[in-house]
Amino acid sequence: SSLSVVSDVALGFIAFSIGSEFKMSVLKKVGKQSVVIALFESLMAVLLVDAALIGLHFIIPEKLPISAALTLGAIASATAPAATMMVVKQYKAKGKVTEVLLPVVALDDAIGLVAFAVSFGIAQAVQSNGGSIDVISVVINPLLEILLSLLIGGLLGGLLNLAEKIFKSNSKRLCLAVSFVFLTVSLAVLAEKGDWRIGDVEIRFSSLLTSMMLGTVFCNICSAADEIMEKTDKWTMPIYILFFVFSGADLQFQFFKDPLLILIGLVYILIRVVGKYSGARLGAILSKADPKVRKYLGFTLIPQAGVALGMSLMAVNAFPAEEGRIIRNTVLFGVLIYELIGPMVTKVVLKKSGDIVPKDALATTV
């Protein structure tokens with residue numbers, strides 16, 4: 001726990017990297033089809049997992065508090081783009097499904113971060129008020145947190161761009177980018193620890209959303225952004241490794257001696273997959289996507305890792321010990337399963353869709 005600063009910083013860089021995917025030039029090429037599909041697959045996972053776990057809460061209220069159910073529902077939206085991208089690169093996948101898949105996984109985590117900010121704010125309000133609900137804690141505080149996070153992140157992104165113009169050396173530019181991510185994360189932590197308030201209204205920033213907006217603004221207005229981001233990704237690799245090691249150390253197998261906790265984990269894992277598939281299919285139908293995209297895309301969105309782990313870590317810090325342990329271990333259990341089966345399922349699905357062509361078939365064609 002004394003090394004929690006490493007996890008906080010790692011999450012900041014993960015969100016910063018996600019924000020860099022939101023270049024206006026790229027979004028214009030992507031088109032509304034991928035945006036519609038990403039919205040539906042993210043939000044459908046949230047809604048279905050929320051519904052299933054809230055229903056489970058009424059059956060076993062002593063094991064699954066309502067705030068934990070809401071938080072797990074929000075975390076369900078996140079997808080791990082790295083695992084999917086690795087499969088695409090390794091097998092040189094190319095086709096209808098891959099064309100839509102790449103922008104969808106890029107948009108997915110950003111939509112997930114906003115959905116998490118809303119749901120997590122509501123869950124915190126429900127937990128702190130002992131189950132009672134009021135407009136300020138459930139509506140105003142979460143929305144204010146999102147707006148302030150985007151505003152602060154945008155301002156810092158503009159300042160980072162101005163600062164980068166002063167230096168020509170790549171090493172100094174890298175130092176600036178790293179320093180601004182540290183600054184962004186520390187502002188968010190400071191607001192959380194300081195318990196800033198105006199009456200009943202809380203003044204908080206989401207470190208994930210603020211860092212994401214920092215990356216978004218910076219990469220849209222800085223001409224050297226691509227080069228700086230590439231160097232930043234290499235610099236942060238040891239931090240990511242430590243973050244995943246610390247996350248793995250949190251998984252307590254003895255926690256799953258209780259069959260009811262295993263049930264919560266299985267419901268989360270299965271219903272999230274249903275939500276991802278059905279949401280992607282519905283979005284593809286509404287956006288008039290190719291039949292192959294409608295049939296196969298949802299199966300490629302199973303992997304879940306870094307962002308979800310970060311969300312669960314925030315829940316551990318915000319909720320009582322037992323409640324935090326339920327969320328953390330459920331997500332870690334899910335990530336373990338998803339990262340084992342997700343890439344394999346993606347490979348099989350892309351083969352079936354014709355996006356991955358076996359070598360022998362390719363040789364015959366040539």
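This section describes the salt bridges, buried residues, backbone outliers and nonpolar surface of the structure.

The structure is a predicted model, in which local features require a pLDDT of at least 70 and side-chain atom pairs are counted only at pLDDT 80 or more, whereas totals for chains, interfaces and linings use all residues. Residues are numbered from 1 along each chain as its sequence is written, and side-chain values rest on heavy atoms, with hydrogens and water left out.

Side chains of opposite charge can pair when their charged atoms come close. A search of the whole structure returned three salt bridges, a salt bridge being a side-chain nitrogen of Lys or Arg within 4 Å of a carboxyl oxygen of Asp or Glu. One of them joins Lys 276 to Glu 41, with an N to O distance of 2.8 Å. Because Lys 276 belongs to helix α11 and Glu 41 to helix α3, this pair ties together parts that are 235 residues apart in sequence. Helices are DSSP runs (H or I, at least four residues), as strands are (E, at least two), and they are numbered from the N terminus. Lys 276 is buried, at a relative accessible area of 1%, and Glu 41 is likewise buried, at 0%. The terms follow fixed limits: buried denotes under 20% relative accessible area, exposed over 50%, and partly exposed the range in between (1.4 Å probe, protein chains only).

A salt bridge also links Lys 63 and Asp 258, whose closest N and O atoms are 2.5 Å apart. Lys 63 sits in the loop between α3 and α4 and Asp 258 in the loop between α10 (225-250) and α11, so parts 195 residues apart in sequence are tied together by this pair. Lys 63 is partly exposed, with 25% relative accessibility. The salt bridge between Glu 322 and Arg 325, with closest N and O atoms 2.9 Å apart, lies within helix α14, where the two residues are three positions apart, about one turn of the helix. Both partners are partly exposed, Glu 322 at 45% and Arg 325 at 30%.

Asp 355, in the loop between α14 (321-353) and α15 (359-365), is buried yet has no salt bridge; Lys 292, the nearest side chain of opposite charge, is 5.8 Å away. For this purpose Lys and Arg count as positive and Asp and Glu as negative, while His and the chain ends are not counted. The side chain of Asp 355 does make a polar contact of 3.3 Å with that of Ser 353. A polar contact is a pair of N or O atoms within 3.5 Å; within protein, one must be able to donate a hydrogen and the other to accept it, and residues adjacent in sequence count only if both atoms are side-chain atoms. Beyond its neighbours within four places in sequence, Asp 355 is in contact (heavy atoms within 4.5 Å) with residues including Lys 92, Lys 94, Lys 96 and Leu 350.

Lys 92 itself lies in the loop between α5 (81-90) and α6 (96-128). Most residues other than glycine have a negative phi. Lys 92, however, has a positive phi of about 50° and is exposed, at 69% relative accessible area. A positive phi, of about 60°, also occurs at Lys 288, in the loop between α11 and α12 (291-296); this residue is exposed, at 70%.

Two further buried residues were examined. Ser 77, in the loop between α4 and α5, has 0% relative accessibility and counts as buried. A polar atom of the Ser 77 side chain lies 2.8 Å from the backbone oxygen of Ala 74. Outside its neighbours within four places in sequence, Ser 77 is in contact with residues among them Ser 42, Asp 108 and Lys 276. Ala 69, in helix α4 (residues 66-75), is also buried, at 0%. Leaving aside neighbours within four places, Ala 69 is in contact with Asp 50, Leu 53, Ile 54 and Leu 64.

At the surface, Val 35, Leu 39, Phe 40, Leu 43, Leu 282 and Leu 286 make a nonpolar patch of about 450 Å². Patches comprise residues with over 30% relative accessible area and no salt bridge, like charges being joined within 9 Å and nonpolar side chains (Val, Leu, Ile, Met, Phe, Trp, Tyr) within 5 Å. Accessible areas come from the Shrake-Rupley method with a 1.4 Å probe, and for residues only the protein chains shown count as cover. Helices α3 (32-59) and α11 (259-286) each supply at least two residues of the patch, and the largest share, four residues, comes from α3. Leu 286, in α11, is exposed, at 51% relative accessibility.
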